[in-house]
Each structure stands twice: as structure tokens, then as C-alpha cells.
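Welcome to a short set of exercises on reading a structure. Try each task yourself first, then follow the solution step by step.

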2 protein chains.
Amino acid sequence: MGVTKTNLFTTEQNELAQIAKAMAHPARIAIVQHLLKINQCITGDLVLEIGLAQATISQHLRELKAIGIIQGSIEGTSVNYCINPVKWEE
Amino acid sequence: MGVTKTNLFTTEQNELAQIAKAMAHPARIAIVQHLLKINQCITGDLVLEIGLAQATISQHLRELKAIGIIQGSIEGTSVNYCINPVKWEE
DNA sequence: TTGTTTCATCGTAATATTGCTATATAGCGT
DNA sequence: ACGCTATATAGCAATATTACGATGAAACAA
């Protein structure tokens, strides 16, 4: 099926699984590691740092942003991403 | 594609992603939580505890065992699972 | 306005995951 | 040997994920 029966589990279990899923890809691990080291970074640098296509990086960034681990602020034509320190406690 | 380009990343990044992926499902979170609380548990109890079919639980247990988070010892006709304390450090 | 740069989104193909039923395997009691 | 119980595995259908090229949208410079 490929569909998860979320109703069988507690909210806490589902949320923990969501967070784990967000980190369940080496590209997203690499993004978070890089942001922790550099503190902030524009998308273009991440595309160069990691070897994936720009569209793919953008997709990974969206997933990380969706659960609040990172946040981005528009800066002219580029977007500056950084770790959300509040969410980075688990 | 659905295929991860693991060659672009470091061994550490791939391993962290593997561990995160193992915990990226509420059923596996629930299994680990239950084993941490009860300390050890036979498969049948987990099938009752979680509401999934026996075959599905067995599949999740195999994934957790594959990366070494849990280990099982055969005990007659049943299998007793417990957390691997060595691997449970991350 | 036109062109350029930077990023997000759409549509897609290839592959992975989830969950089930049906079936196999193994130990134990009789 | 036979049945019973407890797990594991195979095979499948439904859905999710990963990655890309093409395209859209927004800010800026000339």
C-alpha cells in the first residue's frame, strides 16, 4: 500500500516519526550539518556544496522547512537559510 | 526516480540517514518505545500492542534488527526482542 | 522594457515503502 | 507422524519518495 496507518499511533509517535523522516536522507543530513557549521547559507551555495540539481535541493529544503527545522529569509534574489534554534531541540 | 545518490555523501551522512530512516515510521517508534519500557518482549505481544498484522510487525522488526537497534533471541517457538544497548547511543 | 540571476513549482519516470494475504518454517505436545 | 502455535518470507497492490528538466515568478541592473 505504501500508506502509513497513522491512526494506530499516538501523536507523539507520529511526530517523532515525522522528524526522523525529515532526517532520513543524506542530502538533508548534509544540509543541516552545513547550516550548523556555517550558521547560514544561501540556496546556491548548497547546490554547489551537495552535487544534486537545484530543483532537487529546493525540494529537500522545503521538506526541512515544512517541519520547522530550518527557516529561510528572502534577501534580494536569493534566499538565506538557517537552522531554527527553537526546533533544534530533540 | 526514488533512488538516493549515496555516492555524493560521506559515510557518516549515509549512516546517520540510515538510522533516521529506521526510526521514520510510527510503528517502529512504538516498538522501540515499548522495548525501552518493558525491556524485552516477544513478537506476539507487539502484534497485540500495535494494531498491525503479524506479517507487517515482523517486517518492521527485521528493519530495526538490520541496523542493529534491536536484537532477538529464539525462545522455543517465540522470539524475544530487546534493545541493543551498544547501538542505542546516538 | 529586456535580460539576468536566483529560487520555487510542475510534471515525470524510476524506485522504495507500507501493509496485506497466503504460505513456509520451526518448535513443542500428543 | 500429526496438529498447534509462533514467526518469517514471498508476492502483490497502493502509495510515497527521489531526482530531473522545463517552466514560472520575483528582484535587480542596464
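## Exercise 1: Chain A at a glance

Of the 90 residues in chain A, 26% count as buried; a residue is buried if 20 or more other C-beta atoms, placed from the backbone, lie within 10 Å of its own, exposed if 12 or fewer, and partly exposed in between. The model is predicted, so local features need pLDDT of at least 70 and side-chain atom pairs pLDDT 80 or more, while totals for chains, interfaces and linings use all residues. Residues are numbered from 1 along each chain as its sequence is written, with chains lettered from A and ligands numbered from 1 in the order in which they are written.

Task: List the helices and strands of chain A in order, and give the span of its C-alpha trace.

Solution.
- Step 1. Chain A has 4 helices and 3 strands. Both are DSSP runs, numbered from the N terminus: helices are H or I with at least four residues, strands are E with at least two.
- Step 2. Reading along the sequence gives the pattern α-α-β-α-α-β-β.
- Step 3. Along its principal axes, the C-alpha trace of chain A spans about 45 × 30 × 20 Å.

## Exercise 2: The sheet of chain A

Task: Find the order of the strands in the sheet of chain A, and say which strands are at its edges.

Solution.
- Step 1. The order in this open sheet of 3 strands is β1-β3-β2, with antiparallel pairing. Two strands pair if DSSP finds at least two bridges between them.
- Step 2. β1 (40–42) and β2 (70–75) of chain A are the edge strands, each pairing on one side only.
- Step 3. Neighbouring strands of this sheet are turned by 25° against each other on average, direction ignored. Axes are lines fitted to C-alpha atoms (for helices over the stretch in contact), and angles run from 0 to 180 degrees between N-to-C directions.
- Step 4. Now look at one pair: β2(A) and β3(A) run antiparallel and are joined by 6 bridges. Ile70(A) stands opposite Ile83(A) in β3(A).
- Step 5. Helix α4(A) packs on the sheet, where it touches β2 and β3 of chain A, and its direction makes about 120° with that of β2(A). Two residues are in contact if their C-beta atoms, placed from the backbone, lie within 7 Å.

## Exercise 3: The sheet of chain B

Task: Explain why β1 and β2 of chain B each have a side without a neighbour in the sheet.

Solution.
- Step 1. In chain B, 3 strands form an open sheet in the order β1-β3-β2, and the pairing is antiparallel.
- Step 2. β1 (40–42) and β2 (70–75) of chain B stand at the edges with a single partner strand each, so one side of each is left without a neighbour in the sheet.
- Step 3. For a closer look, β1(B) and β3(B) pair in the antiparallel sense over 3 bridges, and Cys41(B) stands opposite Tyr81(B) in β3(B).
- Step 4. α4(B) lies across β2 and β3 of chain B and runs at about 120° to β2(B).

## Exercise 4: Core and chain contact

Task: Which residues touch the most other members of the largest nonpolar core?

Solution.
- Step 1. A nonpolar core is a set of buried Ala, Val, Leu, Ile, Met, Phe, Trp, Tyr and Cys residues joined through C-beta atoms within 7 Å.
- Step 2. In the largest one, with 38 residues, Ala20(A), Met23(A), Ala20(B) and Met23(B) touch the most other members.
- Step 3. Helices α1 (11–22), α2 (26–38) and α4 of chain A, and α1 (11–22), α2 (26–38) and α4 of chain B, each supply at least two residues of this core.
- Step 4. Leaving out residues up to four places away in sequence, Ala20(A) touches Ala20(B), Met23(B) and Ala24(B).
- Step 5. The contact between the chains takes 20 residues from chain B and 20 residues from chain A. On the side of chain B that touches chain A, α1(B) gives the most, with 6 residues.

## Exercise 5: Val47(B)

Task: Is Val47(B) buried, exposed or partly exposed?

Solution.
- Step 1. Val47(B) lies in helix α3 (residues 43–49) of chain B.
- Step 2. Val47(B) counts as partly exposed because it has 16 C-beta neighbours inside 10 Å.
- Step 3. Not counting residues up to four places away in sequence, Val47(B) touches Gln54(B) and Ile57(B).
- Step 4. Val47(B) and Ile57(B) are 10 residues apart along the chain, and their C-alpha atoms are separated by 6.3 Å.
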